[in-house]
Amino acid sequence: MKTLKDVFASGISMNPCNAFGSSLPKTVCRENKHEILKLMLQHGCNVQVADDQGRTPLHDALLASKPAF
């Protein structure tokens, strides 16, 4: 977490996307990494960024093998 805090504090975008529009917050939600998402939210990530199929990080949180409400 210390390394992530340092990286996020450096000012990089909290919403980078791959070629399919899948963002880092989507990956974090899909993997149920609540503490990382909380840290990302504190640094300005947007959980309303949709991928090329219109899915947001909330969709991934709900569709994960262990849904995170």
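These legends accompany several close-up views of a predicted model.

**View 1. Helix H3 and its buried face.** Welcome to helix H3, which spans residues 34–42 and has Leu37, Leu39 and Met40 among its buried residues. Looking down the axis of H3, you will find its buried residues within an arc of 160°, so they line one face of the helix. The cover over these buried residues includes H1 and H2. Just past the helix comes Gly44, with a positive phi near 95°.

**View 2. Met40 and its surroundings.** Here we zoom in on Met40, a residue of helix H3. Its relative accessible area is 0%, so Met40 counts as buried, the cut-off being under 20%. Setting aside neighbours within four places in sequence, the contacts of Met40 are Phe8, Met14, Leu24, Pro25, Val28 and Cys45. If you would like a distance to check, take Met40 and Thr3: their C-alpha atoms are 13 Å apart in space, while 37 residues separate them in sequence.

**View 3. Ser22 in the loop between H1 and H2.** This view visits the loop that links helix H1 (2–9) with helix H2 (24–30), where Ser22 is found. Is Ser22 buried or exposed? With a relative accessible area of 16%, Ser22 is buried, because buried means under 20%. Beyond its neighbours within four places in sequence, Ser22 touches Pro16, Cys17, Thr27, Arg30 and Asp51.

**View 4. Cysteines without a disulfide.** A search of the whole structure turns up zero disulfides. For Cys17, the nearest cysteine sulfur belongs to Cys45 and is 11 Å away. For Cys45, the nearest cysteine sulfur is that of Cys29, at 7.8 Å. Neither distance meets the cut-off, because a disulfide needs the two sulfur atoms within 2.5 Å. As for their surroundings, Cys17 is partly exposed at 42% relative accessibility, whereas Cys45 is buried at 10%. Cys45 may look familiar from the second view, being one of the contacts of Met40.

**View 5. A nonpolar patch on the surface.** To finish, we turn to the outside, where Leu58, Leu62 and Leu63 form a nonpolar patch. Together these three leucines present about 310 Å² of accessible area. Leu58 sits in helix H4, residues 57–63. Its relative accessible area of 54% makes Leu58 exposed, because the cut-off for exposed is over 50%.

Conventions: Residues are numbered from 1 along each chain as its sequence is written. This is a predicted model: local features need pLDDT of at least 70, side-chain atom pairs count only at pLDDT 80 or more; totals for chains, interfaces and linings use all residues. Side-chain values use heavy atoms; hydrogens and water are left out. Helices (H or I, at least four residues) and strands (E, at least two) are DSSP runs, numbered from the N terminus. Buried means under 20% relative accessible area, exposed over 50%, partly exposed in between (1.4 Å probe, protein chains only). Contact means heavy atoms within 4.5 Å. Patches are made of residues with over 30% relative accessible area and no salt bridge: like charges are joined within 9 Å, nonpolar side chains (Val, Leu, Ile, Met, Phe, Trp, Tyr) within 5 Å. Accessible areas come from the Shrake-Rupley method with a 1.4 Å probe; for residues, only the protein chains shown count as cover. A salt bridge is a side-chain nitrogen of Lys or Arg within 4 Å of a carboxyl oxygen of Asp or Glu. The arc is that of the directions from the helix axis to the C-beta atoms.
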